[in-house]
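Me: I want to check the labels on this model against their cut-offs. Please take them one at a time.

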Amino acid sequence: MNAEVHAPAVQTRLEGAVLVVRIDNPPVNALGQAVRAGLLAAVEQAEADAGVQALLIVGEGKAFIAGADIREFGKPPVAPSLPEVCNRIEASSKIVVAAIHGAALGGGLEVAMSAHYRLALPAAKLGLPEVSLGLLPGAGGTQRAPRLMGVKAATELMLSGKHLSAKAGLAAGLVDQLVEGEDPVAAGLAYANELLAAKAAVRPTRDIAIADKAMALADLQALALETAKKARGLFSPMKIIECVQAAVNLPFDQGLAKERELFVECLNSPQRQGLVHAFFAERETAKIPEAKAAAPRHFAKIAIIGGGTMGAGITVSALDAGLTVTMIERDAESIARGQANVEKVYNGLIAKGRMTEAAKAAVMARYTPSTSYDDIADVDLVIEAVFEDLEVKKAVFKELDRVCKPGAVLATNTSYLDIDAIADATSRPQDVIGLHFFSPANIMKLLEIVVPAKVAPDVVTTAFALAKQMKKVPVRAGVCDGFIGNRILAVYKQAADFIMEDGASPYEVDEAVRGFGYPMGPFQVTDLAGGDIGWATRKRRAATRDPKARYVEVADRICENGWFGQKTGRGFYLYPQGARVGQPDPEVLAIVDAERAKKGVTPRSFTPDEIMRRYMAAMVNEGAKVVEEGIALRPLDVDVTFISGYGFPRWRGGPMKWADMVGLPKVLADINEFAKEDALFWKPAALLQKLVAEGKNFDSLNK
């Protein structure tokens, strides 16, 4: 029997006068306890050995160090801490060189910044992305980066969470040398020996003085104002600025102490919980039952049926993912429009200086416009993106069934319609799947992958492989009216309508929802998407609506006036001269008043908190029903859908995570309270009742 031998996470070997310290903690050399202890031991080993004159720190595999071990957050700290390790590296009496060949992110860059000299290979990536997890660099990053890069550049790097290339890192002063090649050990040894030959001294980053402190503080003041506007309620960005102010104003050790204090504040903030949950949840959604059963089918050539806004957006996503695309439209005029819609995206990038004409030409060489279905006989995968009408879509699928080769994946981009019925219009329902893109499809990250009854497992895994290639966030959904996202949206939108009819103006509802952290409120979204879209859906469902269910007609009145939102210059808001931001409309308020009078509603006032309690209770309750029915595999799939596709504030972790943090008993108590007014709408989900009775939360179902 072959027993597995685990090499230590940090290995050392002496090469002449240089102690090579190799971090080997796959997959990305995260700074878990074993790595931290190993780095500390390596510095002590070098100090104790008179033959060692320099240390070289390198990462094994693809990364230098891709960051802290996120799974340790929120658990009791295990010694040694990362700040302790970084301070010890910096205080070494032998020179320390970091050779960066891949990702040096977060704690990884903090380790590199505590070395005395830094070298980068071309594939290096440098960044301090802690802000995306609701944190700040907590191992001296906020104190060392400003000393190496300058205050403004360092603060912008930390606030953006972006990565710098090796070249940009060199220009910024984060690294001292850029060396061609792929072997960090060879490059690092050459650099270390060069430094030793030149009798280079140790060079602690902490000793670098910050130039022009008055200018630095003025820059920070300006960044603080800008951040307060942009960060919409985010906690950690302002704390990052406070840390850098400490780097400017205080001696190094006091600055470190301030950083530690604010880091712990961020660590204990509910925002950190929400953001870390979102980070892991997005990685979990690709774990689906079908993955064990089947490998994806091969796809390189794809067809898009329809060249409207959605078809063009999907086409751009596919072209950007390196695929070859044939677009089909019904006549010459429509296909010319479709091609123009695609080119418009690339022309926009050219205008912004983000693409060259030559690069556009190379992409468009993989695009073929056509009006004949016979041109797609050999494609591997088709995405239909025509008008949202079941009969129209069934006709398209009959045609696809006729021309497409056996084994081609046939996908429909529908938001609501019954995919089982679309699949049954073909002789090959096993090949039919739903791919619900969100508009604009080349920008929005979410892709709902809708799994009908008869689909083959390898078609599902193919859809997930396509999502990965397109850099989308995929969520597996079952078939029902609206799938995960739009089904839940329909319910909390109704709750918003009830709040409006009961006394809050649509503008107050939108303001409360923005205050919660959404970029827009529900009535602004209606105006942006076009009120006629929802109106068509409501008319489609009118026949099956429960006559006892409450129905608010305000939106129908607005649509009857031909006010469909931004595209018509007015909807719930007024958009004078094509303005993007709406103004409240007294005529809309008059419509609301008339509807209240007609229904005998005496309006009452709502606080933003009362608005959000109803809005969120409706969202969470329907989310629980979606999980209970198996439409979503797990609560985290609902969370990712809303963060990636519906503007839910990422730092709140998604609706189900939000409910866990507020406490499910409190959410259920609210629902029961609201049910006294309308028992039909506020019917608590059985799953929610069960979890509360058992003292469990939604997260217990994510395991």
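The exchange below goes through burial, contacts, rings, empty space and backbone angles.

Reply: Some ground rules. This is a predicted model, where local features need pLDDT of at least 70, side-chain atom pairs count only at pLDDT 80 or more, and totals for chains, interfaces and linings use all residues. Residues are numbered from 1 along each chain as its sequence is written, and side-chain values use heavy atoms, with hydrogens and water left out.

Me: Why is E90 called buried?

Reply: Its relative accessible area is 3%. Buried means under 20%, exposed over 50%, and partly exposed in between, with a 1.4 Å probe and protein chains only. E90 is therefore buried. The residue is found in helix α2, residues 82–90. Helices (H or I, at least four residues) and strands (E, at least two) are DSSP runs, numbered from the N terminus.

Me: What makes the link between E90 and R206 a polar contact?

Reply: The side chain of E90 reaches the backbone nitrogen of R206 at 2.9 Å. A polar contact is a pair of N or O atoms within 3.5 Å; within protein, one must be able to donate a hydrogen and the other to accept it, and residues adjacent in sequence count only if both atoms are side-chain atoms. The distance of 2.9 Å meets the cut-off of 3.5 Å.

N413 offers a second case: its side chain reaches the backbone nitrogen of F437 at 2.8 Å. N413 lies in the loop between β14 (409–412) and α17 (419–423). Its relative accessible area is 7%, so N413 is buried too.

Me: Why is L178 called partly exposed?

Reply: L178 has a relative accessible area of 33%. That value falls between 20% and 50%, so L178 is partly exposed. The residue is found in strand β9 (residues 177–178). L178 and E282 are 104 residues apart along the chain, and their C-alpha atoms are separated by 34 Å.

Me: Is L323 buried or exposed?

Reply: L323 is buried, at 1% relative accessibility. L323 lies in the loop between α13 (309–320) and β11 (324–328). From L323 to Q469 the C-alpha distance is 9.2 Å, across 146 residues of sequence.

Me: How do you know that K539 sits over the ring of W535?

Reply: The charged end of K539 is 3.5 Å from the ring centre. A charge sits over a ring if NZ of Lys or CZ of Arg is within 6 Å of the ring centre and within 35 degrees of the ring normal. K539 qualifies. R652 likewise sits over the ring of F516, 3.9 Å from its centre.

F516 also belongs to a cluster linked by ring pairs, with members including Y492, Y518 and W658. The structure holds 17 aromatic pairs (rings of Phe, Tyr and Trp, its six-membered ring, with centres within 6.5 Å).

Me: What makes an empty space a cavity rather than a pocket?

Reply: On a 1 Å grid over the protein atoms alone, a cavity is a set of points where a 1.4 Å probe fits but cannot get out, while a pocket is an open set with protein on both sides within 12 Å along at least five of seven lines. Lining residues have an atom within 4 Å of a point. The count comes to one cavity of 30 Å³ or more. The largest cavity has a volume of about 30 Å³. Its lining includes T526, D527, I558 and W563. Helix α23 gives the most to this lining, with three residues.

The second largest pocket holds about 500 Å³. Of its 17 lining residues, the closest to the centre are R71, H277, F280, D699 and K703. Helix α11 (residues 270–284) gives the most to the lining of this pocket, with seven residues.

Me: Which peptide bonds are called cis, and what are their omega values?

Reply: The bond joining P26 and P27 is cis, with omega about 5°. The bond joining S439 and P440 is cis, with omega about -5°. P440 is found in the loop between β15 (432–437) and β16 (446–451).

Me: Why point out a positive phi?

Reply: Because most residues other than glycine have a negative phi. F483 has a positive phi of about 55° although it is not a glycine. At 0% relative accessibility, F483 counts as buried. D212 has a positive phi near 40°. At 52%, D212 counts as exposed.

Conventions
Grid points are joined across faces, edges and corners, and a volume is the space filled by probe spheres set on the points. Rings of Phe, Tyr and Trp (its six-membered ring) pair if their centres lie within 6.5 Å; planes under 30 degrees apart count as stacked, over 60 as edge-to-face and the rest as tilted.
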